[in-house]
Amino acid sequence: ATHVAASETQLAERITWAPPSFWTPDEDWRLERLYSDECAAVDAAGLQGRSVRADFWARAAAALGTSRTAGAVESRWKALRAGTGARTRPWTSNEDERLRTMVGDLGARSDWPAIAVQLGNGRTAGGVEARWQILRADEPMRTKPRWTADEDERLSELVRAAPERASGSARPGMWDRIALSFPDRTASAVEHHWKDRNKKAQRHAMAAPAPPSKTLEKSQKIRCLQDNPKQKGTACRDRYEKYKSATTVKEFYEKEGTPADLDHDIGKGFIEVIQPTPAPSIAGDPDRKKRPREGPAAPRWSSDEEARLRQVVEDERRAIAGGAPKAGVWDRVAIALGTGRTGGAVSQHWSAMNRGTATGAPGAARWTPDEEQKLRRLVEAERAANRGKCRGSFWDGAAAALGTKRTAAAVQHHWQDMNSASRPSKKARTDE
């Protein structure tokens, strides 16, 4: 007997602590009706900024009569609003076909709780409506009528008149009530269209240029081009008579002109904005850098001239070592050459001659065909011995083998120039 009593006690505890049962479509439908009635009562009481009263969930739990707590009822409502209250079981093709048949011509104004009950497979009203929206999205675009201008105007009026907009907060039931005025459109479709239209208006406002009244300075000079083009007997004609003699924007406003008048008259061509005359360039010709150099090109340097330059530079070095001033050395070298070149041209060519040579050596910058042929043989031998590659120390040995006092970096750089010059450019290969 004791064992039987213990078993009955354990069974009672199991029944007491059993997990809550799933919500039925009828419970979801009754909860939605209770919430809608509560929203209407809150609106009638004028309680701005509140969706439901504090004791609503307890009253809703009692009205359902299914032993559910107020917290469970509130959690179920939040799940339904978030779209997570529906079962995760995938919809079958048979269910989709039955749903299309039940909806028929009613569209978005269908009785979703009744359809959920008729399906009889545990689907909630919110889940049935969400599935119908997915099925509609898969249909051709012709089934989704575009928003007309009348609908947009009616939507704007309803949103402006909504108490939620006046209080600065949007309650969950606002779009549901607004959607009642639009046949075959759901609350989510109405809300999405409103937000999308506002985004487009904001982008258009950002892209539009600022009017002249916002950009022109008060000191900007203007000029009225016509005597009085405004219609007779209007206030704008009287204002035009007063400000038509204005010469600046500040004077325009002092003579009773308005920003709207300024924007309108400039757009219509009644007022001209006088642009300041650009000041002349200090150098005389602002486009002088874009023009090609006039006159004959400077003659190329000959080998005799370069040899003479080396000799003159060596003489100047000895003179500077003996105490001659360094200032104006290239001008003196140019005069000593006697070929009509400037000191700057001589200095630039001397740098080009000695670029890549050993420091202090007078070696020539130009590569002779014999040097290039010898370098090519050295590179070919190196590649043949190292599987088509050149070792890092090869260029030091190549510079020493050439015997022209060129550095390893200069020899490697010239080899790269030789190879790049021997291959056609990418554009040339494309054109071929």
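The following conversation walks through selected features of a predicted model.

Student: To start broadly, how many helices and strands are there in the protein?

Tutor: The predicted model contains 22 helices and two strands.

Student: And what share of the residues counts as buried?

Tutor: Of the 432 residues, 29% count as buried. As for contacts with a separation of 6 or more, 56% of them are between residues 24 or more positions apart.

Student: Let us turn to charged pairs. How many salt bridges does a search of the whole structure find?

Tutor: The search finds 23 salt bridges. One of them joins Arg341 and Glu305, with the closest N and O atoms 2.7 Å apart.

Student: Where do Arg341 and Glu305 lie?

Tutor: Arg341 is in the loop between H17 and H18, and Glu305 is in helix H16, so the pair ties together parts that are 36 residues apart in sequence. Helix H16 covers residues 303–321.

Student: Are those two buried or exposed?

Tutor: Both Arg341 and Glu305 are buried. The relative accessible area of Glu305 is 11%, and Arg341 has a relative accessibility of 13%. Buried means under 20%, so both values fall in that class.

Student: Which residues is Glu305 in contact with, leaving aside neighbours within four places in sequence?

Tutor: Glu305 is in contact with Arg300, Leu337, Thr339 and Arg341. With Arg341 there is also a polar contact between the two side chains, at 2.7 Å.

Student: And which residues is Arg341 in contact with, on the same basis?

Tutor: Arg341 is in contact with Ala298, Pro299, Arg300, Trp301, Glu305, Ala334 and Val346. Arg300 is thus found in the contacts of Arg341 and in those of Glu305.

Student: You mentioned H17 and H18. At what angle do these helices pack?

Tutor: Helix H17 (residues 329–337) and helix H18 (residues 343–354) pack at an angle of about 95 degrees, and their axes are 8 Å apart. That angle makes H17 roughly perpendicular to H18.

Student: Which residues make the contact?

Tutor: From H17, the contact involves Trp330, Asp331, Val333, Ala334 and Leu337; from H18, it involves Gly343, Val346, Ser347 and Trp350. By class, six of these residues are nonpolar, two are polar and one is charged. Two of the residues named here also appear around the loop residue Arg341, which is in contact with Ala334 and Val346. Leu337, in turn, is among the contacts of Glu305.

Student: Back to salt bridges. Which residues are linked in a network?

Tutor: Glu38, Arg53, Asp55 and Arg59 are linked in a network of salt bridges. Within it, Glu38 pairs with Arg59, the closest N and O atoms being 3.2 Å apart. That pair links distant parts of the chain, with Glu38 in helix H2 (residues 25–45) and Arg59 in helix H3 (residues 56–64), 21 residues apart.

Student: Which other residue meets Arg59 in a salt bridge?

Tutor: The side chain of Asp55 meets that of Arg59 in a salt bridge, at 3.2 Å from N to O.

Student: Are Glu38, Arg59 and Asp55 buried or partly exposed?

Tutor: Glu38 counts as buried, at 4% relative accessibility. Arg59 is partly exposed, with a relative accessible area of 36%, and Asp55 is partly exposed at 42%.

Student: Changing topic, what is notable about phi of Glu256?

Tutor: Phi of Glu256 is near 70 degrees, a positive value in a residue other than glycine. Most residues other than glycine have a negative phi. Glu256 lies in the loop between helix H14 (249–254) and H15, and at 45% relative accessibility it counts as partly exposed.

Student: Helix H15 also holds Asp263. Where does that helix run?

Tutor: Helix H15 covers residues 259–268, and Asp263 has its place there. Asp263 counts as partly exposed, at 23% relative accessibility; the buried class requires a value under 20%.

Student: Which residues does Asp263 touch, not counting those up to four places away in sequence?

Tutor: Asp263 touches Pro211, Pro212 and Ser213. Asp263 and Ser213 are 50 residues apart in sequence, and their C-alpha atoms are 6.1 Å apart in space.

Notes:
Residues are numbered from 1 along each chain as its sequence is written. This is a predicted model: local features need pLDDT of at least 70, side-chain atom pairs count only at pLDDT 80 or more; totals for chains, interfaces and linings use all residues. Side-chain values use heavy atoms; hydrogens and water are left out. Helices (H or I, at least four residues) and strands (E, at least two) are DSSP runs, numbered from the N terminus. Buried means under 20% relative accessible area, exposed over 50%, partly exposed in between (1.4 Å probe, protein chains only). A polar contact is a pair of N or O atoms within 3.5 Å; within protein, one must be able to donate a hydrogen and the other to accept it, and residues adjacent in sequence count only if both atoms are side-chain atoms. Contact means heavy atoms within 4.5 Å. Axes are lines fitted to C-alpha atoms, for helices over the stretch in contact, and angles run from 0 to 180 degrees between N-to-C directions. Angles under 35 degrees count as roughly parallel, over 145 as roughly antiparallel, 65 to 115 as roughly perpendicular and the rest as oblique. Ala, Val, Leu, Ile, Met, Phe, Trp, Tyr, Cys and Pro count as nonpolar, Asp, Glu, Lys and Arg as charged, and the others, Gly among them, as polar. A salt bridge is a side-chain nitrogen of Lys or Arg within 4 Å of a carboxyl oxygen of Asp or Glu.
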